Amino acid sequence: LTMKLTNAWASTATNNSGQNPTNGFTFDGSMAHPPPNLPAIQDVTMTNCVGKGFLQHCGVYAKKVNAISINNSTFGGCYNGIQIAPGCTDFILTGNKCGNYVPPPLTPTGGTQAYGILIEPNDWFIVTGNMLRGNGLGGLLNMNTPFPTRIVTQNLQ
């Protein structure tokens, strides 16, 4: 599956109680059944998009996606602006505005941290030129130690 989104907008729906927690955009390659050793979602490109999550969810969430590029977009929510979950590779995040301050009691389960960008263990990526906001520790959490395959630079937090 290959996707290109330009000038797209996504936000969560609400039920009668005003609560229906979900991400603005979700790309989850683990939900499909591709041939062995082939990621289900490849080559996602987002430009000038807006995503808003609700109640401990993200503006955009990607898991097990190969080759994702997010540029000049805005993502917020009551959790992380952009969350790159395990299994993603070859991604570039540039020129994005990500994250909101998350007031109690809507802070993520297990703590008070919400990030503009959260990067969980992944391989081959560039994160540069983003404007990031979060509460607690703030804008960017890179859960990886530095490797030559990863560049994180010039982000405003």
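Begin with the whole protein chain on screen: among its contacts between residues at least 6 apart in sequence, 61% join residues at least 24 apart. Keep in mind throughout the tour that this is a predicted model. If you colour the chain by secondary structure, you will find 16 strands and 0 helices. Switch next to a surface display, where the chain exposes about 7,900 Å², with carbon and sulfur atoms supplying 56% of that area. Of the 157 residues in the chain, 45% count as buried.

**The open sheet**

Now select strands β3, β6, β9, β12 and β15, which form an open sheet of 5 strands in the order β3-β6-β9-β12-β15, with parallel pairing. Which strands stand at the edges of this sheet? They are β3, covering residues 25–28, and β15, covering residues 140–142, and each of them pairs on one side only. As you step across the sheet, the twist from one strand to the next averages 5°. Zoom in on β12, residues 117–119, and you can follow its parallel pairing with β15 over 3 bridges. Within this pairing, select Ile117 and look across to β15, where Leu140 stands opposite.

**The aromatic rings**

Show the aromatic side chains next, since the structure holds 3 aromatic pairs. Select Phe25 and Phe27, whose ring centres are 6.4 Å apart and whose planes meet at 10°, so that this pair is stacked; the cut-off behind that word is an angle under 30 degrees between the planes. Are these two residues buried or exposed? Phe25 has a relative accessibility of 8% and therefore counts as buried, and Phe27, with a relative accessible area of 5%, is buried as well. Move on to Phe91 and Phe125, where the ring centres lie 4.8 Å apart and the planes are at 15°, so this pair is also stacked. Trace the chain between them and you will see that the pair links distant parts of it, because Phe91 belongs to strand β10 (residues 89–94) and Phe125 to strand β13 (residues 123–128), 34 residues apart. Both Phe91 and Phe125 are buried. Before leaving the rings, add Phe75 to a selection of Phe25 and Phe27, and you will have a cluster that is linked by ring pairs.

**A buried arginine**

Go now to Arg150, which lies in strand β16, residues 150–153. Its relative accessibility is 18%, and Arg150 therefore counts as buried, the cut-off being under 20%. Select Ile126 together with Arg150: the two are 24 residues apart in sequence, while their C-alpha atoms are 6.0 Å apart in space.

**Two asparagines in loops**

For the last stops, turn to the backbone angle phi, keeping in mind that most residues other than glycine have a negative phi. Select Asn7, in the loop between β1 (3–6) and β2 (9–11). The phi of Asn7 is near 55°, a positive value in a residue other than glycine. With a relative accessibility of 59%, Asn7 counts as exposed. Then select Asn72, which you will find in the loop between β7 (65–71) and β8 (74–76). Asn72 is not a glycine either, although its phi is positive, at about 50°. How exposed is Asn72? Its relative accessible area is 47%, so Asn72 is partly exposed.

Terms used
Residues are numbered from 1 along each chain as its sequence is written. This is a predicted model: local features need pLDDT of at least 70, side-chain atom pairs count only at pLDDT 80 or more; totals for chains, interfaces and linings use all residues. Side-chain values use heavy atoms; hydrogens and water are left out. Helices (H or I, at least four residues) and strands (E, at least two) are DSSP runs, numbered from the N terminus. Buried means under 20% relative accessible area, exposed over 50%, partly exposed in between (1.4 Å probe, protein chains only). Contact means heavy atoms within 4.5 Å. Accessible areas come from the Shrake-Rupley method with a 1.4 Å probe; for residues, only the protein chains shown count as cover. Rings of Phe, Tyr and Trp (its six-membered ring) pair if their centres lie within 6.5 Å; planes under 30 degrees apart count as stacked, over 60 as edge-to-face and the rest as tilted. Two strands pair if DSSP finds at least two bridges between them. Axes are lines fitted to C-alpha atoms, for helices over the stretch in contact, and angles run from 0 to 180 degrees between N-to-C directions.
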